[in-house]
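Colleague: Could you take a close look at the aromatic side chains in this one and tell me how they sit together? I'd also like to know what surrounds them.

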Amino acid sequence: MMTRRLLQLFAGLAMYGISLALFIRAGLGLDPWDVFHQGVAGKAGMSIGAVVVIVSFLVLLLWIPLRQWPGFGTLCNAILVGVFADVGLALIPAFSHLGGQIGMLAGAVMLNGIASACYIGARFGPGARDGLMTGLARRTGWSVRASRTGIEVAVLGAGWLLGGSVGVGTVIYALAIGPLVQILLPRFTVPEVRGAKRQAAPAAVS
């Protein structure tokens, strides 16, 4: 079970980084956090992967007053998504044809949904940004939806002002990613070991 969880975690984080590269190469807009990452990268003259890693650890600092503690998956997320985003950008060409851009955008959304279900379902802890959302909701009494909306509106606005790419892809991602993860997550959630042992016991006795 642990082997499956680790493989699923690392595969999910790799796919998440590649999906970010696909969004960028599609050129039709990014999700709110990546609009911010792209804007900062453009102003700082850094790769977007490096910015993703730096921002992830800065966000983790915000967990401290929220009394939120990172898991193993949280730390892996903070490092590997940015690394694989840069790998994807090095390997994936940009498309100037609208049909290719639309196809790449659709692939990016689907891959991002699968990636999210994989790393969340591995149960090694939330990503830095998801943990900020849930921690803020817990400490303030706000709903998770209100916390997420407030955070993402703020980073989207900041990223747009910094020159990040906002477009139809931003809207499609916002509308599609929640339902997509909800559908996929039960398929990728690794059951807890205790539950698996209880289920296996009767078979062993018989």
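Modeller: Here is the aromatic part, with the overall fold first and a few other spots after it.

One caveat to start with: this is a predicted model, so local features need pLDDT of at least 70 and side-chain atom pairs count only at pLDDT 80 or more, while totals for chains, interfaces and linings use all residues. Residues are numbered from 1 along each chain as its sequence is written, and side-chain values use heavy atoms, with hydrogens and water left out.

The fold is quick to describe. The chain has nine helices and zero strands, taking helices (H or I, at least four residues) and strands (E, at least two) as DSSP runs numbered from the N terminus. In sequence order that reads α-α-α-α-α-α-α-α-α. With a radius of gyration of 18 Å against the 17 Å from the globule rule for 206 residues, the chain is as compact as a globular protein of that length. (That radius is taken over C-alpha atoms, and the rule is 2.2 Å times the number of residues to the power 0.38.) Along the principal axes, the C-alpha atoms fill a box of roughly 65 × 40 × 25 Å. Of the contacts (heavy atoms within 4.5 Å) between residues at least 6 apart in sequence, 81% join residues at least 24 apart.

Now the rings. There are five aromatic pairs in the structure. Phenylalanine 10 and phenylalanine 72 make one of them, edge-to-face, with ring centres 6.4 Å apart and planes at 80°. Phenylalanine 10 belongs to helix H1 (residues 2-26) and phenylalanine 72 to helix H4 (residues 72-91), so this pair ties together parts 62 residues apart in sequence. The rule behind these calls is that rings of Phe, Tyr and Trp (its six-membered ring) pair if their centres lie within 6.5 Å; planes under 30 degrees apart are stacked, over 60 edge-to-face, and the rest tilted.

How covered are the two partners? Phenylalanine 10 is partly exposed at 35% relative accessibility, and phenylalanine 72 is partly exposed at 42%. Phenylalanine 72 also pairs with phenylalanine 124, again edge-to-face, at 5.6 Å centre to centre and with 70° between the planes. Phenylalanine 124 sits in the loop between helix H5 (98-121) and helix H6 (128-140), whereas phenylalanine 72 is in H4, so this pair links parts 52 residues apart in sequence. Phenylalanine 124 is buried, at 12% relative accessible area. Here buried means under 20%, exposed over 50%, and partly exposed in between (1.4 Å probe, protein chains only). Put together, the ring pairs make a cluster of Phe10, Phe72 and Phe124.

The phenylalanine 124 ring has a charged neighbour too: the charged end of arginine 5 sits over it, 4.1 Å from the ring centre. (The test is NZ of Lys or CZ of Arg within 6 Å of the ring centre and within 35 degrees of the ring normal.) A second arrangement of this kind has arginine 129 over the face of tryptophan 33, at 5.3 Å from the ring centre.

While you're in the H5–H6 loop, look at arginine 123, which is in that loop as well. Its phi is near 60°, positive although the residue is not glycine, and arginine 123 is partly exposed at 30%. Arginine 67 also has a positive phi, near 55°. That residue lies in the loop between helix H3 (48-62) and H4 and is exposed, at 60%.

One more phenylalanine deserves a look: phenylalanine 188, in helix H8 (residues 168-188). It is partly exposed at 23%. Leaving out residues up to four places away in sequence, phenylalanine 188 touches Arg4, Gln8, Ile114, Ala117, Cys118 and Gly121.

Last, the charges. Side chains of opposite charge can pair when their charged atoms come close. How many salt bridges are there? The count is one, where a salt bridge is a side-chain nitrogen of Lys or Arg within 4 Å of a carboxyl oxygen of Asp or Glu. It joins the side chains of arginine 148 and glutamate 152, at 3.1 Å from N to O. Both residues lie in helix H7 (residues 144-161), four residues apart, or about one turn of the helix. Arginine 148 is partly exposed, at 33%.
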